[in-house]
Amino acid sequence: MADISRRNALILGGVGIGGVAIGGTGFVVNQQSGRPQASEGSRGVALVQPTEMRSTNGMLTVALESSPQQVSIAGRTVRALSYNGGVPGPTLRLRAGDTLNVNLRNGLTDPSNLHVHGLHVSPENNGDNMFVMVDPGGSFDYQYKLPANHPPGVYWYHPHHHGYVADQVFGGLYGAIIVEDPEEIPATRERVVVISDMTFDSSGTISAATEMEKMSGREGELVLVNGQLSPALSASPGERERWRVINACTSRYLRLRLDGQQLTLLSIDSGRFESPRDVDEIVLAPGNRADLLVTALAGSSTLRALRYNRGASGGMMGARTTSSADVALATFAVAGTDTAAFTAVPEQLAPRDLRSAAVTARRELRFAMGMGGGMGGGMMSATINDRTFDATHVDTTVQFNSIEEWTLTNTSTLDHPLHLHVWPMQIIEQNGRPVDSAIWQDVVNIPARSIVRVRIAFDDFSGRTVYHCHILDHEDAGMMGIIQAI
């Protein structure tokens, strides 16, 4: 295995099987944590694809209802949060230039809204507007107009009302968005692979996070693929599959391996590479996505998420290293008659490169964590530039159609993945070392006690939106700022 530095690494979490059955839930008790988890019998079922909705004639109109539902998770009926009765919600397929209309009905007991993560669309009015609040029982009509040159790739949607984001995503509210390629890349089949994690209590409902779990960022004890525990995939030798992989975990990093198979990476987030890259493993911070080709080789393989240490949480509650044991996510069995080899993946347009561009402004964002506020100063503090989120305060004002360079400084002992809405970021430098190619992401990991430098082109849209840590417990604790392009 190639040596992977912590700045690229991923985390995974898994738990052993064994214990006493919980009446009526089909779960067993994990003897280390004392919490229920799915039984062995729920493993090995064929991977099921989410319901799919596809645009026609440049338009896709969708009704989404978020609500608590009795759903099948890891082979058992439990009570989780759901879009349209499924976990994940339906996959939305679009093309550049399309218009996506979404009627969101909030069937939750808390306020909510909708974020189309990674899409380059307007943040104003009924676009990707983070300041819309949909009350319980209410609804809102969103409209997202994709530019004609919108990058192809895999995106996703989830709630984004401050203070409720982690609970609602951890509860099951997420779904995939695919923006199709203008020229199809030949493949035998395509799979949407939404990886998430959950923890259930003894009644089969989502467990609340403890203060310690919020401090480090909660990780569920069940790590799921499309809501399934260790599902089975199969192919014939020589077949080429396209996997659209989404890290929909609230806090968990995913360092993914599928040993014994040929992996070719097309892009991370919306950052399509000019030439596909053969890889052994892929690192996805929370919110990252991968567009991946898997060329099947005879034999049986296991998709795994390997250990990743994302730092140590501390303070008054005591220091704790935040890492998880390796976990098997899915099995991939390849057998049968060889199929004809596929042609090479066509070269893509070279990505835009801002490394030699004139910079309009430079600024620094400093990410910090500690204890402070509340009774006796015992509440978690998660700040950017020494401030917690304030919906009435614009933290950063940028000039429309400008290019800025941001220095992202992490002073804390935990990694923080920065997500900027609307505008992707080009990574320029990591820990003092220049990046030697054009790498574009909308979630950029900033390892503990490190510095990352990015450049951003504030093109196409003006308006007000946010940037934040995509460890969603940290976002809800205040590690988020408002940015306005004028």
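In this predicted model, Arg 304 stands opposite Ala 328 in strand β24. The two residues belong to a pairing in which strand β21 (residues 299-306) and β24 run antiparallel, joined by seven bridges. Strand β24 (residues 327-334) also takes part in a second pairing, in the parallel sense, with strand β14 (residues 232-235) over four bridges. There, the bridge partner of Ser 234 is Ala 333 in β24. Strand β24 thus offers a friendly starting point for reading strand pairings, with an antiparallel partner in β21 and a parallel partner in β14.

Strands are a recurring theme in this chain, which holds 35 of them along with three helices. The chain has 486 residues, and buried residues make up 57% of them. Its accessible surface comes to about 18200 Å², and 48% of that surface belongs to carbon and sulfur atoms. Contacts can also be sorted by how far apart the two partners lie in the sequence. Among contacts with a separation of 6 or more, 77% are between residues 24 or more positions apart.

Two of the sheets can be followed strand by strand. One is an open sheet of five strands, arranged in the order β3-β6-β11-β10-β8 with mixed pairing. Its edge strands are β3 (52-54) and β8 (115-117), each of which pairs on one side only. On average, neighbouring strands of this sheet are turned by 25 degrees against each other, direction ignored. Within the sheet, strand β10 (residues 153-158) and strand β11 (residues 175-179) pair in the antiparallel sense, over five bridges. One point to look for in this pairing is Val 154, which stands opposite Ile 178 in β11.

The other sheet is also open and has four strands in the order β5-β4-β7-β9, again with mixed pairing. At its edges stand β5 (76-83) and β9 (139-145); each has a single partner strand, so one side of each is left without a neighbour in the sheet. From one strand to the next, the twist averages 30 degrees. Strand β4 (residues 59-73) pairs with β5 in the antiparallel sense over eight bridges, and Gln 70 stands opposite Arg 79 in β5. When such strands are viewed in the structure, a general rule is handy: in a regular strand, the side chains alternate between the two faces of the sheet.

Attention now turns to the aromatic side chains. The structure holds eight aromatic pairs. A pair of aromatic rings is described by the distance of the centres and the angle of the planes. For Trp 406 and Phe 458, the ring centres are 6.2 Å apart and the planes are at 40 degrees, so the pair is tilted. This pair links distant parts of the chain, 52 residues apart: Trp 406 lies in strand β28 (residues 403-410), while Phe 458 lies in the loop between β33 (450-457) and β34 (463-469). Trp 406 counts as buried because its relative accessibility is 0%, and Phe 458 counts as buried because its relative accessibility is 0%.

Phe 458 has another ring partner in Trp 423. Here the centres are 5.0 Å apart and the planes are at 70 degrees, so the pair is edge-to-face. Again distant parts of the chain are linked, since Trp 423 sits in the loop between β29 (416-420) and β30 (425-430), 35 residues from Phe 458. Both Trp 423 and Phe 458 are buried. Ring pairs draw Trp 406, Trp 423, Phe 458 and Tyr 467 together into a cluster.

Aromatic rings also meet charged groups in this model. The charged end of Arg 464 sits over the ring of Phe 131, 3.7 Å from its centre. Elsewhere, Arg 277 lies over the face of Phe 273, at 3.8 Å from the ring centre.

A closer look at one residue rounds off the picture. Gln 426 has its place in strand β30, and this residue counts as buried because its relative accessibility is 0%. Once its neighbours within four places in sequence are left aside, Gln 426 is in contact with Arg 352, Asp 353, Leu 354, Arg 355, Ala 438, Ile 439, Trp 440, Arg 453, Val 454 and Arg 455.

How values were computed
Residues numbered from 1 in each chain as written. Predicted model: local features only at pLDDT ≥ 70, side-chain atom pairs only at ≥ 80, totals over all residues. Heavy atoms only, no water. Pairing = 2+ DSSP bridges. Axes fitted to C-alpha atoms, helices over the stretch in contact; angles between N-to-C directions. Phe/Tyr/Trp six-rings, centres within 6.5 Å; stacked < 30°, edge-to-face > 60°. Buried < 20%, exposed > 50% of the residue type's maximum accessible area, 1.4 Å probe, protein only. Lys NZ or Arg CZ within 6 Å of the ring centre and 35° of its normal. Contact = heavy atoms within 4.5 Å. Areas by Shrake-Rupley, 256 points an atom, 1.4 Å probe, with all protein chains shown as cover.
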